[in-house]
Amino acid sequence: MVYHSKKSSAEWFIDQLNVSNAKLLAFVLVLGFIGYHGILHLRYGPDSCTWLLSSGRYKGDHEWQPYGCMLHRYSKIDARRCLRYLAFWGKYNSFAFIGDSRIAQLYEHFIGVLKTRLDPDPSYSLEHHTPNNTYTDEKLRLSVRLVWSHDVSRTMVEQFRAWEREDEPPSVIVAGTGLQLLLTRNATTLVIEEYKRNLTLLVQAIDSLAHKNTKVLWKLIESVDSTKLKNEFKKISNSDIDEYNKAAIEILTHSAARIWSSPRLVSLGAGSNDGWALSPRALRHDAQILLNMFCNDHMNFNDGSCCAMPEPHTQLQLLTFAMFLVCGVLAGIKATWRWSQTIQQRLGGYSLVSPPPTTPSPLAALAKLGMIMAYFYLCDRTNFFMKENKYYSEWSFWLPVGYVFALGLFFTDDSISTRVLHREQTNEWKGWMQLVILVYQVTGASKVLPIYMLVRALVSAYLFLTGYGHFTYTWKTGDSSLVRYFRVIFRLNFLTVVLCLTMNRPYQFYSFIPLVSFWYTLMFAIFALPPDIAPSSTHTVETKPYQYLYIALKVIGLLSIVTVLYMSEFFFQKIFVTRPWKALFVNSDDDIHQWWLRWKQDRYSMTYGIIFAVAYLVAQRYNLLDDNNHSNLFTPGVSLTATLLAFIGIGSYVTYTFFCTNIFDCNEIHSYVAFLPIVSYIILRNVSGALRTRHSSLFAWFGTITLELFASQSHIWLAADTHGVLVLVPSAPILNLIITSYIFICAAHEIHRLTGIILPYAVPDDWKLVLRNFAIFLAILVPIGIHDGMF
């Protein structure tokens, strides 16, 4: 008899640390955050304007970050464009500021944001009716008025009642006062009660104005810097200011007025010489908050989600989710039937000692994919979860990159193969490149030109590996069939197509996927044409060296096609805007320029990979290198020279990124020198046998799900079409990044697994069935294309 010792609690815990349980935990976290944010919406409402006006924090770049939504930084051009757009549709853009000197400061700064010139112009006017001012701009149908009121006095009450009687009252009223009271009277109980009674007189007018779509903002009194106050202002204390603000909140909370409390979180001392006036930074952020509240819902700024309604759903989205629901129902019925059959067998006294293994159901896979897509939709196409602006600093980019590499080096393992660019090594390469690109995306590092160019080199390296890998596979297996082509295309595009249908985004939104698909299609078409260059065995390679001539001719043909397309942008556009495939290459604005830029940046990268693969095969044939063992590729002298040249190659490219002055010139040169850092890295990674025969298992694991990570990042990790970041844990950016990253990685891995289940059903081994399925897919696309104007 064999006795099995009972596992300890530590061993049991280690056994539970697996991918399946990690995904289960991610699912539980998603349900928990759905419940948490649902409670927030029930308590505070779904309107993100409440968060914009109430709270926020300063980021490291000294920019204001509202709580839970994205703040667009309105330039003068943006602000006037918004007002011009609203004026075009007949809206009268009227703003009113009523209050004391701080409100007057905000009024002056606000019209300064909107003015375009200092010289007099007939369309502009600034009327002075002491102590009130009015600024107008006839072109924008704009009126900005200032009404002085040091207290909630008769002047303020009568002005609100006058606005109440107007047919077209101001669109936005900003009110706030109290500092003059603090100068003349102490914050006693009697004074506060009188202040409350006066505020009560405004409530009826405010509620009436709200019914006329006027937004009334009551701006709380900001703190003062007591260390800078002059003698006559020394009696003002922040504790008294707090008492007045509490009174305003108590009365106006029950009205239609919005309490504007976020300016109190701004540091007022910086830039203010007397401790009394608002600092330039405070005024700038207040004006930005006003413009975001007024304009975001009318403008198409992806980085401005505050006060903006989510994108409405389409019929195609509803139909797609309905199909997923049908798959879920059918999968549930099938699982229930199997369970009932098992129960009947057990009740009848029958039981299988070892039940036969069940193949994964494609219906169940589609049902699970539908659940994941529902989470995608909730994150990115609604305002259910919060979103915040990106934040870049040197530390925020380089520190995570350093941490990623330190973690990857910790998980190193021996490789099975000793070949140059073996599978584990290429997966490792793809993995760490994808992680660096993710850090680049989440921090918004694209604004730094050297980092942008280094990431461009990583994208080129991925296309290089695509050319190298697919050519090597075709050379070794001779498989250039339609089944092979459609399987690769399905792997590349399945998730992307599903996202296009469920997220209502064009194919070009997932820019890297169309790029890889196009270059693979062009490469497949050229190399599938006769003469056939793929040998069936190693022996054939050695007896038919003229096949290298065929490869050279095909590479020259590939380069010729690329060069002809590049020589004429007009010819390029004529080809790619031809219907019906135009929809594959234009963005949501029906513009092909972005595709042109991405295409020409990496027009030679895949060809570089093919040429390197051929050079590697030639070197193997003539014994110029030996990678069949754990030793170095070359003799010591040659290895040292190659390593030195590789360092020079990488150093030269890095130096070029720092000396390149503008992005246009950088991109033009990049396509010609992209091979330099790529080949240099390959040499450094493979010359030494000790390095070539080990790999990072962590990076290699990420390398297997790079496509899913790239396509998914825009919706469940980033936000607002990659312009912001998703927020599940508000006010804790580091913890939020960890949790959203964990859920994001688990979802990508599960999508990768589900794609593998669906693949053999979508692309069977029989090419006739493949063409049948492709015809069905086209039949589904035709009505969609007709609806979208593709034909």
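Is Phe 572 buried or exposed? Select Phe 572 in this predicted model and the computed relative accessibility is 0%, so the residue counts as buried.

Before staying with that residue, consider the wider setting: a search of the whole structure finds 52 aromatic pairs. One of them joins Phe 471 and Trp 475, whose ring centres lie 6.1 Å apart with planes at 25 degrees, and because planes under 30 degrees apart count as stacked, this pair is stacked. Select helix H15 (residues 449-477) to see both residues in context, since Phe 471 and Trp 475 are four residues apart there and thus separated by about one helical turn. Colouring by accessibility would show Phe 471 as buried at 1%, and Trp 475 as buried at 6%.

Now return to Phe 572 and add Trp 599, which together form a tilted aromatic pair, with 5.0 Å from centre to centre and 55 degrees between the planes. This pair links distant parts of the chain, for Phe 572 belongs to helix H20 (residues 569-576) and Trp 599 to helix H21 (residues 593-601), 27 residues apart. Trp 599, at 0% relative accessibility, also counts as buried.

Next, extend the selection to the aromatic cluster that contains both residues, whose members include Phe 518, Trp 519, Tyr 566, Phe 576 and Trp 595. Keep Tyr 566 selected and add Arg 603, whose charged end sits over the Tyr 566 ring, 3.6 Å from the ring centre.

As a last stop, select Lys 430 and Tyr 462, where the charged end of the lysine sits over the tyrosine ring at 5.4 Å from its centre.

Terms used:
Residues are numbered from 1 along each chain as its sequence is written. This is a predicted model: local features need pLDDT of at least 70, side-chain atom pairs count only at pLDDT 80 or more; totals for chains, interfaces and linings use all residues. Side-chain values use heavy atoms; hydrogens and water are left out. Rings of Phe, Tyr and Trp (its six-membered ring) pair if their centres lie within 6.5 Å; planes under 30 degrees apart count as stacked, over 60 as edge-to-face and the rest as tilted. Helices (H or I, at least four residues) and strands (E, at least two) are DSSP runs, numbered from the N terminus. Buried means under 20% relative accessible area, exposed over 50%, partly exposed in between (1.4 Å probe, protein chains only). A charge sits over a ring if NZ of Lys or CZ of Arg is within 6 Å of the ring centre and within 35 degrees of the ring normal.
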